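Work through the exercises below with the structure open. Each task is followed by a solution in steps.

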Amino acid sequence: MRLVPVTKLKLDTKIALDIRDEHANLLITKENIITPHNLKRLRNSNVKAVYIKDKYCFDYAPDTSDPSKMFEQVVALKKAIENAMTNKSTSESITDALKAIRVIVNELDKQKYCSKISYEPQKLDIADEFGEKTVYVAIMSSLFALKLGFSKQETYLICLGALLKDVALIVPELKKTVGAASKIHPTTGYEYLIKNFNFPQEVLDIVQQHHELYNGKGYPNCLKGDRIYAGARIIAIIDMFYKVSNNYYEQGSKTLEEGFLKFSGYLDPYFLQKFWGYSHIFSPDMLVKLTNSDVAVVMSARSFNPFQPQVRILKSNTYQSGTLLNLFEIPHLNISRVIHYVE
C-alpha cells in the first residue's frame, strides 16, 4: 500500500486501510473507492494523507498505520498524556497512558524481527503541541529499542520519555514562559515532572537530555558520548530521521542522504550504524522517478545502501517493464523524486 496526500488523491482510488479522524471515528472503511463525496468528507475532516492500493502495491504495511492494532491506542495515549499534563484526572490519566504504552510496545515486540523503521508523514492536518510527530517518534523509538535488544520494561520507559520529552511545551503554565527554541525547556520540563509526578529516573533523564548531542555540543549540560542516557540517544536518531525525511524525502535520494549526513556527527555512531540496517529510507510500494526519468516502485528487498533500494521498473525507455534493479549497483542511477501515481 502507498500513502498519498489527500490533495493528490484521485477519484476511483481504492482505500487500503480504514480511515479515521483524530478522535478515532471511522470515516471510510478499507476497500472502498474514493468518490467525490468521500473526497469532500476527507477534506472536511482534516485528513491530510491516506493509504491506498493499486496494481503497483503489495502487502507492505507500516506497524503504526493499522488502526486495528495501533490507532485507537494512540488516540487514548494522546488524550491520557494531555489530560495528565493539564491536571485533568491526573492519576487516572497516567494509568491509562501506561496501559496504552504497554499495548503498543507489546505489539511492536511481536513484530520486531520482521518490521522496519519507516517514515510516515503527517496524516491529520491538525496543529497541536502533542501531535503525530510526538507519537511517531515514541513508537519508532520503541521499535528501535526492541530491535537493539532492550527489554520490554526498558522500552516502556523509553516510549514514555519520548512522549514527555517536550512536556514544557505542553503544560499551559509552562509554555507561556518557554518555547521550542528555548535551551531551558528540557530542564523546565524535568523540574516540572519531579515536582508533580513520580516517574522513574530513566524517563526524567530523557526529558532533560533529549537535546544533548553525542559530540558534547548539545544542551543543557553539554553531555558527551555514553554519558547521555541510551534512551535519549535512541530518540535522537528517530527524531533526526523524522525531521530529515519530513523536509526532503520527496526530493530524492541525493538530497536525503546529504540531509542525514549533516546530522550524523551528532548521533551515537553504534546505534546509527544499526539504524541503517533496521530502517526503510524509501518505503516499499513507494512510486519514484529515477534520474533517467524512468518510473519505478520500491521493493521490500534489503539493500546494501538504504538510499539506493531495489526497485521494479514500471515505465522506461531503457529497461523492460518489470525489470528489478538494485540501485546501489548502478552508480549513475538514483531516485530523483517521489511520485504518487503512474501517469
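## Exercise 1: Two helices that meet

In this predicted model, the axes of α4 and α11 come within 11 Å and cross at roughly 105°.

Task: Decide how α4 and α11 are oriented to each other, and find which residues make the contact.

Solution. Step 1: Angles of 65 to 115 degrees count as roughly perpendicular, and α4 and α11 are therefore roughly perpendicular to each other. Step 2: On the α4 side, the contact is made by F144, K147 and L148. Step 3: On the α11 side, F271, K274, F275 and Y278 take part.

## Exercise 2: The buried face of α11

Task: List the buried residues of helix α11, state how they are arranged around its axis, and name elements that cover them.

Solution. Step 1: Helix α11 spans residues 269-278, and its buried residues are F271, L272, F275 and Y278. Step 2: Seen down the axis of α11, these residues fall within an arc of 120°, so they line one face of the helix. Step 3: What covers them includes β6, α4, α9, α10 and β7. Step 4: At the start of α11, a side-chain oxygen of D268 reaches to within 2.9 Å of the backbone nitrogen of Y270.

## Exercise 3: The nonpolar cores

Task: Describe the largest nonpolar core and the contacts of L164.

Solution. Step 1: The largest nonpolar core has 84 residues, and those with the most contacts inside it are M85, I117, F144, L164, L193 and F199. Step 2: Helix α4 supplies the largest share of this core, 10 residues. Step 3: Leaving aside neighbours within four places in sequence, L164 is in contact with I81, M85, L193, F199, V203 and V207. Step 4: Another core, of 15 residues, lies apart from the largest one; L27, I34, V47 and Y341 are among its members.

## Exercise 4: A buried histidine

Task: Locate H185 and find its side-chain partners.

Solution. Step 1: H185 is in helix α7, residues 185-196. Step 2: The cut-off for buried is under 20%, so H185, at 1% relative accessibility, counts as buried. Step 3: Its side chain makes a polar contact of 3.2 Å with that of D166 and one of 3.5 Å with that of H211.

## Exercise 5: Positive phi in two loops

Task: For D285 and S293, is each residue buried or exposed?

Solution. Step 1: D285, in the loop between β7 and β8, has a positive phi of about 85° although it is not a glycine. Step 2: At 0% relative accessibility, D285 counts as buried. Step 3: S293 lies in the loop between β8 and β9, and its phi is near 75°. Step 4: At 52% relative accessibility, S293 counts as exposed.

Key:
Residues numbered from 1 in each chain as written. Predicted model: local features only at pLDDT ≥ 70, side-chain atom pairs only at ≥ 80, totals over all residues. Heavy atoms only, no water. Core = buried A, V, L, I, M, F, W, Y, C linked by side-chain atoms within 4.5 Å. Buried < 20%, exposed > 50% of the residue type's maximum accessible area, 1.4 Å probe, protein only. Helix = DSSP H or I, 4+ residues; strand = E, 2+ residues; numbered from the N terminus. Contact = heavy atoms within 4.5 Å. Arc of directions from axis to C-beta. Polar contact = N/O pair within 3.5 Å; in protein donor to acceptor, adjacent residues only side chain to side chain. Axes fitted to C-alpha atoms, helices over the stretch in contact; angles between N-to-C directions. Parallel < 35°, antiparallel > 145°, perpendicular 65-115°, else oblique.
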